[in-house]
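Subject: The structure I promised you

Hello,

Here is the structure we talked about, with the sequence alongside. Have a look at it first, and then read on for a short tour of what turned up.

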Amino acid sequence: MSDSRLAEAVELHFNRHETFAPRFGWMHKAYMQVKDVPDIFIRDDARVRLGVGRNMVNAMRYWSKAFKLVQEYSHEDPSQRAHLAAPTWRARWLLDEEGADPYLEDTGSLWLLHWWLLSSEPGTKCMAPSWYVMFNLAPRSRVTDAEMESVITRYVRENFEEKFWKAAESVGRDVDCLTKMYSQDQEFNPLSPGSFEDLLMSPFRELGLLEGQGKGKQRTWRFTNGSRSNLPAPVLAYACLDYASRFSSGAGSISLARLSAEEGSPGRAFRMREPELTKAIESLVADHPDLQIVEALGQRSLAFAGAPQALAWDVLDEYYGRVRDREGFPTPEEWLEKYPGLVSGTTRPTRKKPSRQVDELAFGEENA
């Protein structure tokens, strides 16, 4: 068995994206519909309301959930098997017309969504296992499509019972979608639905996380490493504190080595080594009264004087112009009152039914 935390970190969803990488405008459009129409993704007129084809409706539904912007919950009528959907508080914060960045014009917002996609949070696992494996567990940075399929399949088989293993075709479609999502020089595949449009319309290509080399069957992919000039320090600091909150609910510290190298850490997600991660947040930490980089026994750590989850949102919200202070912006508690399905939300289980919570509940309690 593998010593990774894959089984605890992910839900085994493969090819729910219908091979469509997330596109410009999709998340905002989905949020604007879901907040008023909880059954939007299963309505007969969903294609008209969302302005996309049937398969793209399914892709928008998947990506909205995978980025943790939408949570599904059971219909109040037990005879109805289809799930309804509600926007999370973070979706309101980011994507509302009065939110932080509804049209994802700031590259920092794409890094933030990338972090949310890969994150396994209390009550909300990562819904993109192929992405989780390739960023957190893949042993090499240069791989072919076949090698990506092989390593994903191996980790799934090492961490899950045989009845949960997926067909090779599903894993292969995940790999195809992952490369379309991030690569700036993806080859056009005429047999892949939406391939050409994906090359033009996937905003995550701006992150520069993946490079293609060679052509045809000899083509390889290189996951880039190093400093990230287009990653804002507050977004990186948010990810570091968000990760620290998995281990501490109050004041404390976490080593920069863990933040850069541990499975599920920002360093793995953003492909940044410890010196690069440290340099990127040093100036922000120096100006923040509740954050400090300390050194003891030759190890450097990020120390936080308060609850890391609350500090994470303070740093992030400050960067985006104090969205939470704007007139009419709801508190997490008010948002849950408006969308009670966020509390009772549920998804169909893979291995065993997970308990569902809302991370904003804890955030609200810390800031009450």
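A residue is called buried here if its relative accessible area is under 20%. By that cut-off, 57% of the 368 residues of the chain are buried. Please keep in mind that this is a predicted model, and that the values below are computed from it.

**The chain as a whole**

The chain has 18 helices and eight strands. Among its contacts with a separation of 6 or more, 68% are between residues 24 or more positions apart. Its accessible surface comes to about 16300 Å², and carbon and sulfur atoms hold 47% of that area.

**The sheet E3-E5-E4**

Let me start with one of the open sheets. It has three strands in the order E3-E5-E4, and the pairing is antiparallel. E3 and E4 are at the edges, each with a single partner strand, so one side of each has no neighbour in the sheet.

Strand E3 covers residues 142–143 and is joined to strand E5 (residues 220–223) by two bridges. On that side of the sheet, Arg142 has Arg222 in E5 as its bridge partner. Strand E4 (residues 210–213) is joined to E5 by four bridges, again antiparallel. Two of the positions to look at here are Gly212, which stands opposite Trp221 in E5, and Gln213, whose bridge partner in E5 is Thr220.

E4 and E5 also form a hairpin, with six residues between them. In the turn you will find Gly214, which has a positive phi of about 85°.

**The sheet E6-E8-E7**

Another open sheet has three strands in the order E6-E8-E7, also with antiparallel pairing. Its edge strands are E6 (252–255) and E7 (291–296), each pairing on one side only. From one strand to the next, the twist averages 35°.

E7 pairs with strand E8 (residues 299–304) over six bridges in the antiparallel sense. If you would like a landmark there, Leu291 stands opposite Phe304 in E8.

Which helices lie across these strands? Helix H11 (residues 233–244) lies across E6, E7 and E8, and helix H14 (residues 274–287) lies across E7 and E8. H11 runs at about 85° to E8, while H14 runs at about 125° to E7.

**The nonpolar core**

In soluble globular proteins, nonpolar side chains tend to be buried together. In this model the largest nonpolar core has 114 residues, and Trp63, Trp93, Trp131 and Tyr182 touch the most other members. H11 gives the largest share of this core, with ten residues.

Tyr182 is a good place to zoom in. Beyond its neighbours within four places in sequence, Tyr182 is in contact with residues including His114, Leu117, Trp131, Phe135 and Phe204. Others in contact with Tyr182 include Arg205, Leu207, Leu209 and Leu210.

Trp131 and Phe135 bring us to helix H7, where both are among the buried residues. In fact, eight of the eight residues of H7 are buried. Polar residues are part of that list too, including Ser130 and Asn136.

**Ser119 and Asp242**

Where is Ser119? You will find Ser119 in the loop between helix H6 (107–118) and helix H7 (129–136). Is Ser119 buried or exposed? Ser119 counts as buried because its relative accessibility is 1%, and the cut-off is under 20%. The side chain of Ser119 reaches the backbone oxygen of Trp115 at 2.5 Å. Leaving aside neighbours within four places in sequence, the residues in contact with Ser119 are Lys68, Thr124, Lys125, Cys126, Asp242 and Arg246.

One of those, Asp242, has its place in helix H11, the helix that lies across E6, E7 and E8. Asp242 has 3% relative accessibility, so Asp242 counts as buried as well. With neighbours within four places in sequence left aside, Asp242 is in contact with Trp115, Ser119, Glu121, Gln309 and Ala312. Trp115 thus appears twice: in contact with Asp242, and through its backbone oxygen with the side chain of Ser119.

Enjoy exploring it!

Best wishes

Methods
Residues numbered from 1 in each chain as written. Predicted model: local features only at pLDDT ≥ 70, side-chain atom pairs only at ≥ 80, totals over all residues. Heavy atoms only, no water. Buried < 20%, exposed > 50% of the residue type's maximum accessible area, 1.4 Å probe, protein only. Contact = heavy atoms within 4.5 Å. Areas by Shrake-Rupley, 256 points an atom, 1.4 Å probe, with all protein chains shown as cover. Pairing = 2+ DSSP bridges. Axes fitted to C-alpha atoms, helices over the stretch in contact; angles between N-to-C directions. Polar contact = N/O pair within 3.5 Å; in protein donor to acceptor, adjacent residues only side chain to side chain. Core = buried A, V, L, I, M, F, W, Y, C linked by side-chain atoms within 4.5 Å.
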